[in-house]
Amino acid sequence: MQVVSLFNYVTFFLLDAVIDPVQLLAITLVFVCIIAGMLFFILLYLIRRTGRSMRRRSLREQYSNCISELAVCETNDELQSFLQQPETLTITALLQHDAFARRIIITELLKTVKNMSGNAAANVCWFYEQAGLQHDSLFRLQKGAWHVKARAIQELSGLRQNKYIAKIYRHTNNSNELVRNEARTAVIKLTGFEGLRFLDVATYPLTEWQQLCLLHELSLHSNRIFDGVQRWLQSPNSSVTEFALRLVEVYHLHACYPNVIDCLKHASKPVRKKAIAALKEIYTPSANEILVERFEYEDADVQILILQLLQEFATEAEQLFLLQQLTHQQQEVKVAAARTVYHTQPAAEQLIKQRVNADEYPWTVLLPQLKQEVAL
Amino acid sequence: MDSAAATIKTGGGIMNWQQFLVDLLTWFIFLYSVVLLLFYIFIAFYSIGETRRYIRKSSFTDYSIMAVSEHTPSISILAPAYNEGATIIENVRSLLNIHYNNMEVIVLNDGSKDDSMQKLMEAYQLVEVPYVFTTHIATKPVRAVYRSSNPVYKKLLVVDKQNGGKADALNVGINIASNDILVCIDVDCILEQDAMLKLIKPFLEEKEKRVIATGGVVRIANSCEVKDGKIVAVNLPEDFIPRVQTLEYIRAFLLGRMAWSRLNGLLLISGAFGAFDREIAIKAGGYDHNTVGEDMELVVRMRRYMEEKKIPYKVAYIPDPLCWTEAPASFKILGRQRNRWTRGTIETLKLHRKMFFNPSYGVLGMLSYPYWFFFEFLAPLIEFIGLVAFLVFAALGLMDLSFFFALLFFILSFGFLYSVFAILMEVLTYNQYRKRKEIFKLILTAFLEPFIFHPFVVWSAVRGNIDLLRKKKSWGEMTRQGFAGKKKT
């Protein structure tokens with residue numbers, strides 16, 4: 001009874017008072033006004049977007065003709081006369097007061113320089129400076145939000161503004177991931193392998209994606225300097241160690257062999273996996289014994305990697321170990337071991353049959369499968 | 001109960017039990033609606049920041065680095081096929097042409113009764129090979145494994161198995177896959193050129209949490225121009241039913257899933273196109289073939305596994321349109337689809353009821369699960385019951401009609417507001433429909449939706465509940481028109 005009374009009390013004061021039809025209609029009216037506002041905004045936005053895209057297209061056309069002429073200049077005199085051309089003067093005058101035009105031309109210059117090299121690219125970077133556009137990028141680097149900063153870094157590095165390297169370098173350990181990544185990529189772009197010194201102080205992790213970007217950027221440089229790699233292999237930041245192992249793998253850094261061997265005992269599994277991958281590229285016969293020794297301490301996925309490595313390098317000394325793995329508890333490990341035996345022993349089938357019951361699954365299928373694989 | 005007890009004196013006057021019931025129901029429906037509306041408002045605003053952040057970040061990504069790198073993770077694409085003979089050759093060709101370096105394509109023929117297998121064997125010069133794999137998850141028997149004798153198709157592996165349903169076929173794929181990341185895909189979907197790169201990138205971006213699954217936006221391809229398995233022109237569907245689903249998908253993918261992703265509370269990765277961590281999928285037990293909502297169920301189970309093991313994890317979501325699919329174009333097919341979705345949701349919620357308001361499951365138990373329970377599972381039932389009750393009360397003269405219509409207009413205007421907001425977000429972000437006319441058509445569709453489409457969807461969900469009680473397990477045949485030969489706009 002009390003509950004019902006309470007309910008009626010609440011109903012009277014809330015249901016009847018708060019949600020009376022007039023109030024609901026008033027809220028509905030507010031919704032309708034917001035809808036009308038949004039519809040109006042959509043319309044305005046679509047009109048504005050069409051206008052902007054038309055302007056962008058026209059500016060791009062204008063700039064692309066100008067940039068094409070700029071790219072073919074060969075001497076300083078030609079560059080100076082390019083600056084004095086009426087079209088160029090019109091563009092530079094527009095750039096003085098139109099931020100939108102500056103954004104478009106910087107994007108166009110960046111795109112052009114990406115697809116060019118040598119003198120043509122140098123001319124484009126020179127024009128970027130002559131038009132004072134680097135001030136625009138620097139201003140945004142200082143004052144902008146994270147994505148604005150990152151864009152500014154991309155512009156400065158893309159248009160080869162090496163003199164601002166110190167300003168960019170400061171951001172290589174920025175708390176924002178995107179700014180940090182762009183700054184790290186930028187220092188490599190500007191200084192090549194030397195730029196990797198940021199790894200000495202990197203406290204934030206390098207994601208796999210960042211590592212791919214850095215490797216890609218490094219592949220574009222020929223002045224290979226690997227001074228810090230041994231130091232990075234011992235970094236307290238395990239992602240730095242992972243990246244260093246990738247450097248060892250890609251650039252076959254044989255001098256790092258002892259450090260790579262140490263990484264096989266690293267606490268982090270991704271580091272150990274990458275150490276095995278690196279070892280494949282800087283292999284020396286003494287590695288086999290260490291790998292066999294590490295095998296029992298590892299999870300199945302790492303054990304499979306070890307067996308895959310031995311597929312290429314196993315000798316007679318490892319045969320007993322490999323044959324023992326044919327009775328491993330995990331089928332994937334068993335299969336990997338059999339594959340390794342098949343690839344390293346001419347009489348593999350006989351050896352395997354001596355160890356296992358060849359009439360039982362998986363051997364009934366695995367043996368023909370391996371025979372077929374080796375034949376291919 | 002005497003008449004004196006049946007009447008209660010209140011501050012407002014005499015009230016009998018009938019009026020009490022009406023007020024109770026009105027009060028409940030109103031409160032429920034307000035909470036639901038507040039959730040929607042929160043979702044709408046919360047998704048904005050995440051979408052903006054993603055678009056800004058994505059503008060810096062050069063996917064070509066990933067496309068050519070040898071260091072990208074290897075993936076196994078799992079494509080279950082059942083009676084797809086008419087399109088299987090082209091569909092497999094599309095899969096083999098996917099823009100990704102390290103991958104294998106596993107086509108799982110789930111005991112098709114048509115000539116799918118024969119066609120595959122001829123087109124791709126398949127030969128049966130001995131193939132050992134570990135049965136981590138129990139499945140129906142595998143009849144044979146085929147590889148192509150032509151080195152051009154070396155990435156292709158075709159598995160012929162006994163019919164067991166989509167979940168069973170995918171479980172065979174999980175067992176047989178040789179890579180750490182699995183991409184499950186519907187063979188009749190059309191992928192964007194860089195879809196795979198975008199789907200896999202989140203796996204490369206996390207160091208502190210393990211990414212266990214990723215999914216992206218699925219868009220509706222009806223009326224789009226398709227050439228050689230690629231969307232060459234995006235058009236808004238001409239027919240009303242697919243068009244209203246376009247709006248529905250925009251709301252769900254651009255607002256709902258984005259907000260849930262930001263909360264790390266996403267429960268659903270679309271079965272049409274999603275990537276999973278193979279190790280976790282196996283440890284969680286793979287797809288459940290006893291549910292018709294196997295895609296949602298797997299994500300929930302993988303999340304549950306991670307929560308129970310206290311391993312930091314993330315289910316990532318990409319707001320880019322990655323995959324295009326054909327939406328049902330008739331009420332009959334749509335009804336079957338929604339019926340199945342309802343049954344899938346209920347089955348999943350029932351299987352994982354342990355997590356309901358269970359704080360040890362974090363956001364999953366305290367927010368995601370209750371949201372799905374109250375606002376995905378119960379919403380159509382409450383809406384249906386509410387509508388019937390309002391009509392009955394109105395007929396009996398117990399309902400204040402002015403209040404009824406005021407509440408109706410309030411709810412309808414909010415629904416329209418939410419749809420217009422979703423359209424606004426679409427225009428500001430991905431803007432797939434370039435023609436102004438299409439945007440206004442979409443707005444008109446949003447206006448018509450509550451009167452034509454929504455009641456049907458509610459009814460299909462109610463029927464889904466009834467069918468579940470009757471223990472109906474079927475998927476319901478999904479007839480598709482197909483992209484080829486479709487009239488062009």
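**A tour from a cavity in chain B to the helices of chain A**

Begin by selecting Lys166(B), Leu170(B), Cys184(B), Ile269(B), Ser270(B), Gly271(B), Phe276(B), Tyr287(B), Glu294(B) and Asp295(B), which together line the largest cavity in this predicted model. Two elements of chain B, helix 6 (166-176) and helix 10 (294-309), each give two or more residues to that lining. If you colour the lining residues by character, you will find 5 nonpolar, 2 polar and 3 charged. The space inside comes to about 40 Å³, and the structure holds 1 cavity of 30 Å³ or more.

Next, hide chain B and display chain A as a cartoon, where the secondary structure comes to 21 helices and 0 strands. The radius of gyration of chain A is 33 Å, well over the 21 Å that the globule rule gives for 376 residues, so this chain is more spread out than a compact globule. Turn the chain along its principal axes, and its C-alpha atoms fill a box of roughly 100 × 85 × 40 Å. Even so, buried residues make up 50% of the 376 residues in chain A.

Now select helix 7 of chain A, residues 133-143, whose buried residues are Leu133(A), Gln134(A), Asp136(A), Ser137(A), Leu138(A), Arg140(A) and Leu141(A). What covers these buried residues? Show helix 4 (86-97), helix 5 (99-114), helix 6 (118-130), helix 8 (146-158) and helix 9 (165-169) of chain A, which are included in that cover.

Finally, switch chain A to a surface view, where the accessible surface comes to about 18500 Å², with 55% of it belonging to carbon and sulfur atoms.

Note on methods
Residues are numbered from 1 along each chain as its sequence is written. Chains are lettered from A and ligands numbered from 1 in the order in which they are written. This is a predicted model: local features need pLDDT of at least 70, side-chain atom pairs count only at pLDDT 80 or more; totals for chains, interfaces and linings use all residues. Side-chain values use heavy atoms; hydrogens and water are left out. Buried means under 20% relative accessible area, exposed over 50%, partly exposed in between (1.4 Å probe, protein chains only). Helices (H or I, at least four residues) and strands (E, at least two) are DSSP runs, numbered from the N terminus. Contact means heavy atoms within 4.5 Å. On a 1 Å grid over the protein atoms alone, a cavity is a set of points where a 1.4 Å probe fits but cannot get out, and a pocket is an open set with protein on both sides within 12 Å along at least five of seven lines; lining residues have an atom within 4 Å of a point. Grid points are joined across faces, edges and corners, and a volume is the space filled by probe spheres set on the points. Ala, Val, Leu, Ile, Met, Phe, Trp, Tyr, Cys and Pro count as nonpolar, Asp, Glu, Lys and Arg as charged, and the others, Gly among them, as polar. The radius of gyration is taken over C-alpha atoms; the globule rule is 2.2 Å times the number of residues to the power 0.38. Accessible areas come from the Shrake-Rupley method with a 1.4 Å probe; for residues, only the protein chains shown count as cover.
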